[in-house]
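Let's take a walk around a ligand and the space that holds it. Have the model open and follow along.

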Amino acid sequence: MSRSDDRPWWQTAVVYQVYPRSFRDTTGSGIGDLQGIIEKLEYLTGVLGVDTVWLSPFYPSPMADFGYDVSDYCDVHPMFGTLDDFDRLLARAHTLGLRIVVDFVPSHTSDRHPWFAESRASRTSPRRDWYVWRDPKPDGAPPNNWLSVFGGSAWEPDERTGQYYRHSFLREQPDLNWRHPPLRAALLDVMRFWLDRGVDGFRVDAVQFMLKDPAERDNPPNPDGEGRAHQPLGAYDSQLHVYDLAHPDIHQVFRDMRAVTDAYDPPRMTLGEVHVYDPVELGTYYGAALDGLSMPTNFGLFRTPWTAAGVRAVVDGLEAGLPSGAWPNYSLGNHDDRRLATRLGEAGSRQAAVLLLTLRGTPILYYGDEIGMREAAVPPSRRQDPWGIAAPELSRDGCRTPMPWSAAPGAGFTSAADPWLPLGDDWKTRNVESQLGEPDSLLNLHRRLLALRRETPPLRAGSYRPLDAVPDDCFVFSRIRARQRVLVGINFSSEPRPVSLPGFTGRVAVSTHRAAEGSAVGRAITLRPHEAAVLVE
Ligand code: NOJ
C-alpha cells in the first residue's frame, strides 16, 4: 500500500462506511455478515475504487442500539461470523490494497457486558468504579439534570445497590468511567487487541461523551430550544450541554490513544466522532501538537444550506480555522442521518459526489450513497431503531436499509423473504447492477471521480483556494500541487452560468453532465444548470 506524497495514509484515503447488517447476507438470516462483506471487497476496490473501509460494529451485542451496545469488545457477534472470518476479511482486504478501520465504542458498553454485571453486583465490587455510580439526591431524585441523548434522564436507578448509574444513550448502554485508571488501561488494551490483528485504525464513537464535568453541575436550559448539533435531537435540545460533554480532560485520552496507534508501523488512524461546528474548537481535537485524534469528524456540510455561499462558508471556515497541519475531512452521509439523496435530491447528490471527492481533505462516503439510495419508508410495524420507536421523527431506520445490488429477488442482498429492514421502494431500478449499465448513473460518476482522484496529485494533496470573481450561485475552487492546477466548479443554480477562469487552459475531466467531459476549456466555461465539473490543466 502506497504512502503517496509522504503523508500519513489517511490523508490521501477515501473512506467508505459499511453498515454490516445491511451490506450483504450470505446465511439467509436477512442480516448482513462478514462473509458478505468479503464477497463485496472487490466491488469496493475494483469497481468503485475506494481504499479504506470503516466497519460499523460487528461485536457481540444484545443489539439494543444495533451494535453500539457492545457486550464483548474482543470478539465477533455470531450473527456476523467469527474472529476467523474477521481475520480472513482483513487479509483479503489487505491483499486488495484496502485498509480496514473498525468502530470502537469506548464511551459505554452494553448493560450485558460482564464488566457491568460485576460492577452493578455490589458497591464494593472491584469493578464498581468502571462505571459511573452516584447516590440519589436526598429526595430520591437523580443526582443532576443531565439528559440521555435518546430521551429521559441520563441516570437510571438500580435497586440492587440503591444508586443511579449514568448512561448518555440508552439505559442499556451504561457509561464507562474514564476517570478510573484501570478502565482506561483496559480500553487501550482493546485497541491493541485489534491493532495486533492488523486493523488500520478506528472510528471512535461518541468521544465527546467520555469525560464530563467532575463537579457534575446541572446543565442550563437552552433558551431558544434550538439544537446545537447538525440535526434536531428532540428533548435533548432543551438544555445547553455545557457540563455533560467534552470536559477538557478528554484531550489527555486522545493523546493516550494516539500513543497507542503511533506505536504501530505505519501509524494507525483514529477518526473520532465529534459534533463541533466551530472550526477553531474542532481544531483542538487534533491535539495542540497534532498529538490528539488523527481526525475529528467534520459534520459541517450536513447542516449548511446547499448553496454556493453555504458550502463555501463551511470549507473556508475549516481552511482558516484548523491549525496548521491538521487535515480536514468531509462527509454527507452516515448511519445516523437522513439519506444524502433525500436531503439534497438528484442534482444535489451529483454535486455532492464532485464536492466530497475534490475538496482538500479525506472524504467519508456512506454505503449506498454512491447509487443515491433514498431514505426508505419503514412502516411502524417494522421499526427497529430504539430511538425511532420512542420518537418516530428521529428514526434512523430509513438510512440503514439493505444495499440493493441487483434487481434479483432480495436485491442480491439476501435470500430471506424479509430482510431485517425493508428494501427501499426503488430497489428494482436503483441498484448497483443497473447503475453499472448506465453510463450517466451516479455510481459511474463516483467511479470516474475516484479514478481521477487516484491519478491526480492536486486532488489528493494540493492546496485549496476559492475563486472570488464568479457568479454568486457558483462555488469554484482550485487545487494546486507541483504546479499542476485543477479547478472545480459547481453551479448551484438552475440556469447556465458563465465563469471566467483567468489564465486557465485545460479540459473537463469529469462532470455531472457526462457530455461535457473531454471538452477543451480556455479561460472561461459556461457551467450547465446544476453542473459540477472538474477541470484539469
Ligand atoms: C454514535 C453512533 O454513531 C450512533 O449510531 C450510536 O447510537 C451512538 N453513538 C451511541 O453509541
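Before we start, a word on terms: a pocket here is an open set of grid points, over the protein atoms alone, with protein on both sides within 12 Å along at least five of seven lines, and a molecule sits in a pocket if more than half of its atoms lie within 2 Å of its grid points. Keep in mind, too, that this is a predicted model.

With that in hand, go to the ligand: the space it takes is the largest pocket. That pocket holds about 860 Å³ of space. Its lining counts 45 residues, and Gln 208, Phe 209, Ala 229, Leu 245 and His 275 are the closest to its centre. Sorted by type, the lining comes out as 19 nonpolar, 14 polar and 12 charged residues. If you like to navigate by secondary structure, look for helix 6 (250–262) and helix 7 (279–284), each of which gives at least two residues to this lining.

Now zoom in on the shell around the ligand itself. Here the split is 3 nonpolar, 2 polar and 7 charged residues. Among the residues around the ligand are Tyr 68, Phe 150 and Phe 169, along with His 108 and His 335. Asp 336, Glu 273, Arg 203 and Arg 400 are there as well.

Three more members of the shell deserve a stop. Asp 65 places a polar side-chain atom 2.6 Å from an oxygen atom of the ligand. For Asp 205, the distance from a polar side-chain atom to a ligand oxygen is 2.8 Å, and for Arg 396 it is 2.9 Å. Overall, the protein covers 97% of the 300 Å² of accessible area that the ligand has on its own.

Methods
Residues are numbered from 1 along each chain as its sequence is written. This is a predicted model: local features need pLDDT of at least 70, side-chain atom pairs count only at pLDDT 80 or more; totals for chains, interfaces and linings use all residues. Side-chain values use heavy atoms; hydrogens and water are left out. A residue is near a molecule or strand if one of its heavy atoms lies within 4 Å of it. A polar contact is a pair of N or O atoms within 3.5 Å; within protein, one must be able to donate a hydrogen and the other to accept it, and residues adjacent in sequence count only if both atoms are side-chain atoms. Accessible areas come from the Shrake-Rupley method with a 1.4 Å probe; for residues, only the protein chains shown count as cover. On a 1 Å grid over the protein atoms alone, a cavity is a set of points where a 1.4 Å probe fits but cannot get out, and a pocket is an open set with protein on both sides within 12 Å along at least five of seven lines; lining residues have an atom within 4 Å of a point. Ala, Val, Leu, Ile, Met, Phe, Trp, Tyr, Cys and Pro count as nonpolar, Asp, Glu, Lys and Arg as charged, and the others, Gly among them, as polar. Grid points are joined across faces, edges and corners, and a volume is the space filled by probe spheres set on the points. Helices (H or I, at least four residues) and strands (E, at least two) are DSSP runs, numbered from the N terminus.
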